[in-house]
Amino acid sequence: MPERIGTTVTKHIVGMQRGFPEASGDFSALMNELVVAGKVIHRAVTKAGLVDVIGKTGETNIQGEEVQKLDDFANIIMIQKMDHTGLLCAMASEEIDDIIEIADKHPQGGKYTLAFDPLDGSSNIEANVSIGTIFSVHRKISDAPKGTLEDFLQIGRKQVAAGYIIYGSSTMLVYTAGQGVHGFTLDPSIGEFILSHPNIRTPKKGKIYSVNEGNSHKWDKRVNDIINYFKTDDEATGRPYSSRYIGSLVADFHRNLLYGGIFMYPGDAKNPNGKLRLLYEASPLAYICEQAGGGAISDGENILDIVPTELHQRVPLFIGSRDDVEICKRFLADGK
Ligand code: P6P
């Protein structure tokens with residue numbers, strides 16, 4: 001008897017669409033194109049050690065980071081897979097300073113914007129640490145014929161969808177379209193993402209804290225108080241928490257989403273807004289986390305309510321289990 005294949009992500013997306021009779025199918029088509037881009041990046045990432053895509057291109061991106069060849073490749077794949085679909089009015093990438101217009105040779109009039117980090121955590125590539133693609137989808141709101149910066153500078157709460165693909169011991173797609181969070185594991189033998197984690201709910205309270213403590217000398221008292229709280233021995237509140245920090249946002253976030261816990265990238269004396277980007281890192285992960293029952297704040301304000309002012313703006317990020325985020329919020333409110 002042949003084995004039963006589970007629910008593919010394509011079938012799941014079409015099923016979700018059935019809940020919206022007025023849906024044109026454009027969003028489903030957009031998600032399915034993203035799935036294909038993820039499969040192509042998966043193939044490159046899993047072969048990186050074998051073919052010449054490891055190593056640096058010698059260029060630097062807007063983040064001032066050396067661009068790894070796989071970064072470049074992933075960025076090109078995302079753009080090439082999405083730019084001719086007629087579904088997008090414009091794109092924004094961590095790797096590119098300005099918004100990416102849809103060339104005149106491609107179908108115009110797309111209803112959505114796509115902002116993405118093509119390969120986050122790329123500094124870990126050569127150490128074979130899990131890395132990921134993060135994406136965020138909004139509706140076009142400007143009257144301009146093509147997408148404009150205004151279409152990207154929308155609050156995270158207005159996202160149509162958000163997700164990530166994590167390239168690790170297995171490759172997984174995790175996404176939300178506002179109807180819960182669903183995880184799909186790639187079965188390389190058939191090249192399909194199969195539903196493996198339906199309706200992900202993150203534990204209300206965790207046992208893990210994730211932060212780069214090498215920055216503690218630059219943190220203000222409130223942040224040091226937060227970290228010390230999670231490190232304090234107090235059996236009644238399940239403390240101390242375990243410290244887990246990979247230094248790859250998607251990997252740290254994904255572990256905490258499933259196990260519970262708090263990931264923090266605070267602002268500090270040198271970088272008051274921290275390191276992580278709002279539009280294609282903090283905001284999509286915050287949407288996913290809230291949909292899974294968790295929460296996400298910057299320096300006290302809910303990430304999803306921040307009105308963006310720049311394409312690549314950074315924000316402090318405290319994200320994870322709801323009770324743990326509330327603890328951060330209380331400490332951050334002290335002495336403000
Ligand atoms: P740090 C990777 O470069 C990244 O952008 C995120 O994936 C990760 O969470 C963060 O930076 C790690 O930064 O300063 O702790 O090395």
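This is a selection-by-selection tour of a predicted model, going from the ligand to strand 13 and then to an open sheet.

**The ligand and its shell**

Select the ligand and the residues around it: Asp120, Gly121, Ser123, Asn212, Tyr245, Gly247, Ser248, Leu249, Phe263, Tyr265 and Lys275. Sorted by class, this shell holds four nonpolar, five polar and two charged residues. Colour the chain by domain next: domain 1 (9–197) and domain 2 (208–334) each supply at least three residues to the shell.

**Polar contacts of the ligand**

Show the side chains of Asp120, Tyr265 and Lys275, which are among the shell residues. For Asp120, a polar side-chain atom is found 2.5 Å from an oxygen atom of the ligand. In the side chain of Tyr265, an N or O atom is 2.6 Å from a ligand oxygen atom. Lys275 places a polar side-chain atom 3.0 Å from an oxygen atom of the ligand. Now switch to a surface view: the ligand taken alone exposes 400 Å², and the protein buries 83% of that.

**Strand 13**

Keep Phe263 and Tyr265 from the shell and extend the selection to strand 13, residues 262–265. In a regular strand the side chains alternate between the two faces of the sheet. Which residues of strand 13 point the same way as Phe263, and are they buried or exposed? Tyr265 points the way Phe263 does, while Ile262 and Met264 point the other way, and all four are buried. Phe263 and Tyr265, the pair on one side, are also the ones listed around the ligand.

**Neighbours of strand 13**

Add strand 11 (residues 208–210), which pairs with strand 13 in the parallel sense over two bridges. Here Tyr209 is the residue opposite Ile262. Then add strand 15 (residues 317–320), where the pairing with strand 13 is antiparallel and runs over four bridges. Ile262 has Gly320 as its bridge partner in strand 15. Centring the view on Ile262 therefore shows Tyr209 of strand 11 and Gly320 of strand 15.**The open sheet**

Finally, select the eight strands that form an open sheet of mixed pairing, in the order 4-3-5-6-7-8-9-10. Strand 4 (100–101) and strand 10 (192–197) are at the edges with a single partner strand each, so one side of each has no neighbour in the sheet. Within the sheet, zoom to strand 7 (residues 161–167) and strand 8 (residues 171–176), which pair in the antiparallel sense over six bridges. Label Gly163 and Tyr175 there: Tyr175, in strand 8, is the bridge partner of Gly163.

Methods. Residues numbered from 1 in each chain as written. Predicted model: local features only at pLDDT ≥ 70, side-chain atom pairs only at ≥ 80, totals over all residues. Heavy atoms only, no water. Buried < 20%, exposed > 50% of the residue type's maximum accessible area, 1.4 Å probe, protein only. Pairing = 2+ DSSP bridges. Near = heavy atom within 4 Å. Polar contact = N/O pair within 3.5 Å; in protein donor to acceptor, adjacent residues only side chain to side chain. Areas by Shrake-Rupley, 256 points an atom, 1.4 Å probe, with all protein chains shown as cover. Nonpolar A, V, L, I, M, F, W, Y, C, P; charged D, E, K, R; others polar. Domains from an automatic or database assignment.
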